[in-house]
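Okay, thanks for making time, everyone. I'd like to walk you through one model this morning, so let me put it up on the screen.

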Amino acid sequence: MTQDQTATQTGWNFDNSYARLPETFFTRQDPVPVSSPKLARFNRSLAAELGLDPEEMESGDGAAVFAGNRIPAGAAPLAQAYAGHQFGYFTMLGDGRAVLLGEQITPAGGRVDIQLKGSGRTPYSRQGDGRAALGPMLREYIISEAVHALHIPTTRSLAVVTTGDKIVRESLQTGAVLTRVAASHLRVGTFQYAAHWAPQDLQTLADYAIERHYPNAAAAENRYLALLQAVIERQAGLIAKWQLAGFIHGVMNTDNMAISGETIDYGPCAFMDAYDPETVFSSIDRQGRYAYGNQPNIGGWNLARFAETLLPLLHENEDKAIELAEDEIRNYHERFHHNWLAGMRAKLGILNAEPEDESLVQDLLAIMQKHGADYTNTFRAFTLGKPEDTPMFGSEGFSQWLELWQSRLGRQREPVTESQQMMRNSNPALIPRNHRVEEALEAAQSGDYSVMERLLSALANPYAYLPEQDEYCSLPAPSARPYRTYCGT
Ligand code: AMP
Ligand code: MG
């Protein structure tokens with residue numbers, strides 16, 4: 001494999017702080033070259049933010065770099081070790097089909113991981129082939145970029161390349177590699193790995209996480225407690241945003257929860273259509289563990305696993321350490337609820353707080369659930385001030401609720417326009433609807449990327465309320481079978 005001598009020209013500017021951690025946290029591993037890399041999708045605006053030259057990338061060796069065939073100068077590829085509770089069961093994992101090239105230092109002075117996903121086998125691959133198929137990698141690209149545009153913290157997608165190789169799934173599929181950009185790939189599972197298999201290096205890992213994500217915690221009297229508090233704060237913010245947008249992650253295993261507070265690992269995720277807390281899309285989530293309405297509690301469960309790993313650092317007395325951790329987990333639930341209610345007020349144009357607001361929100365959700373009202377479109381209709389022609393809008397219960405809401409808004413002194421602006425900023429006009437995503441992926445897999453390009457450009461401005469976005473607001477035709485998503489593909 002050749003080292004790229006033109007890194008400065010294309011803009012790569014790597015540092016490799018993760019590779020300076022104790023070796024137990026990773027294995028040095030180059031991506032495995034593929035036959036014939038071709039760019040399927042490239043994120044020009046993200047590239048520019050990262051300090052990469054979009055023209056050079058597209059016309060030059062971008063495809064070779066994003067396929068793992070060419071290692072840019074300064075990169076130090078490695079596969080990360082981690083563990084995780086998968087559907088409640090603890091397992092040793094690690095990057096089974098991903099390689100971290102290094103950390104790009106951006107022109108603004110930021111540091112982000114550049115990771116190739118689908119880049120071949122690693123020592124952590126277990127039975128897997130280390131590869132990824134085009135459909136799921138484009139799906140991660142579309143949904144992660146849509147989540148970003150919804151102002152929800154997330155990893156980003158820089159590029160998808162096809163490899164020219166076929167991979168074996170239920171059928172033969174087109175192989176692909178996704179380039180993922182993340183604040184870091186430190187996971188709750190990374191701490192579980194350290195606590196379980198490398199306790200001597202746990203403190204080093206915690207110090208690394210503090211330095212990289214929560215530098216303020218370093219000055220705290222108990223810096224590891226401050227780390228726990230900071231992670232809890234971020235997750236309480238993140239999961240509230242998921243709930244408010246109707247986003248269902250689908251596999252909230254502890255290895256898929258980022259210490260940075262970004263949404264990570266887009267597998268069987270999807271956005272809810274009709275409001276129902278029991279909504280599950282993932283074909284493997286038969287118990288509904290990761291259903292929409294369970295996400296906040298699962299977040300707390302995962303954070304409790306995180307807190308457990310930190311016990312030896314929290315206090316020398318174990319009972320005292322447990323007490324500290326338990327207090328913080330309780331705080332998570334409070335923080336989550338606070339964020340969620342504040343977000344719901346914003347969705348309803350409520351600018352201050354009254355004690356009855358929560359029941360106003362809960363009553364609405366109950367009415368939506370009863371009538372199978374579409375979550376996004378209901379709030380969109382409120383924002384537009386136009387009732388929809390749906391059973392909910394025609395119902396007696398809703399009319400009564402509407403009066404309560406109107407009188408709540410009437411008690412505000414601020415001009416109505418302020419409420420309206422708040423609603424526009426809080427209620428997306430569109431989300432990546434499952435049927436539109438599927439349609440785009442189908443076309444792309446048969447070589448027509450235009451459907452996906454149009455979808456991506458609509459999804460890039462979900463709060464713009466542009467007339468040309470209207471077509472993406474319509475619901476799927478009622479189908480006999482519920483939508484299903486698949487992971488690990
Ligand atoms: P995920 O469900 O994507 O979070 O993956 C769980 C674990 O399985 C991670 O450690 C992945 O790296 C690994 N994995 C998923 N698919 C493959 C594959 N095709 N080959 C090897 N490892 C894989
Ligand atoms: Mg994962």
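I'll start with the ligand, then go to the aromatic rings, and finish with one residue. Keep in mind throughout that this is a predicted model.

So, the ligand. Which residues come nearest to ligand 1? There are 17 residues around it, and the nearest are G94, G96, R126, D129 and G130. Two of those also show up in the polar contacts. R126 places a polar side-chain atom 3.1 Å from an oxygen atom of ligand 1. With G130 it's the backbone: a polar atom there sits 2.8 Å from a nitrogen atom of the ligand. Then there's D265, where an N or O atom of the side chain is 3.2 Å from a ligand oxygen atom. As for how covered the ligand is, ligand 1 on its own would expose 490 Å², and the protein buries 85% of that.

What is the shell made of, nonpolar, polar or charged residues? Eight are charged, seven are polar and two are nonpolar. And if you're wondering which domains supply them, domain 1 (2–185) and domain 2 (189–345) each contribute at least three residues to the shell around ligand 1.

Okay, on to the rings. Searching the whole structure turns up 25 aromatic pairs. Let me pick out Y18 and Y208, which pair edge-to-face, with 6.0 Å from centre to centre and 75° between the planes. Why bother with that pair? Y18 is in the loop between strand 2 (14–15) and strand 3 (26–28), while Y208 is in helix 7 (residues 202–213), so the pair ties together parts that are 190 residues apart in sequence. Buried or exposed, you might ask about Y18? Y18 has 2% relative accessibility, so it counts as buried. Y208 is buried as well, at a relative accessible area of 9%, because the cut-off for buried is under 20%.

There's also a ring cluster to look at. Ring pairs join up Y275, Y292, Y375, F379, F382, F393, F398, W401 and W405. If you have the structure open, try colouring those nine names and have a look for yourselves.

Last stop, T10. T10 belongs to helix 1 (residues 7–10), and its relative accessible area is 2%, so T10 is buried. How far is T10 from L202 in space? Their C-alpha atoms are 37 Å apart, and along the chain the two residues are separated by 192 residues.

That's my tour; over to you for questions.

Methods: Residues numbered from 1 in each chain as written. Chains lettered and ligands numbered in written order. Predicted model: local features only at pLDDT ≥ 70, side-chain atom pairs only at ≥ 80, totals over all residues. Heavy atoms only, no water. Near = heavy atom within 4 Å. Polar contact = N/O pair within 3.5 Å; in protein donor to acceptor, adjacent residues only side chain to side chain. Areas by Shrake-Rupley, 256 points an atom, 1.4 Å probe, with all protein chains shown as cover. Nonpolar A, V, L, I, M, F, W, Y, C, P; charged D, E, K, R; others polar. Domains from an automatic or database assignment. Phe/Tyr/Trp six-rings, centres within 6.5 Å; stacked < 30°, edge-to-face > 60°. Helix = DSSP H or I, 4+ residues; strand = E, 2+ residues; numbered from the N terminus. Buried < 20%, exposed > 50% of the residue type's maximum accessible area, 1.4 Å probe, protein only.
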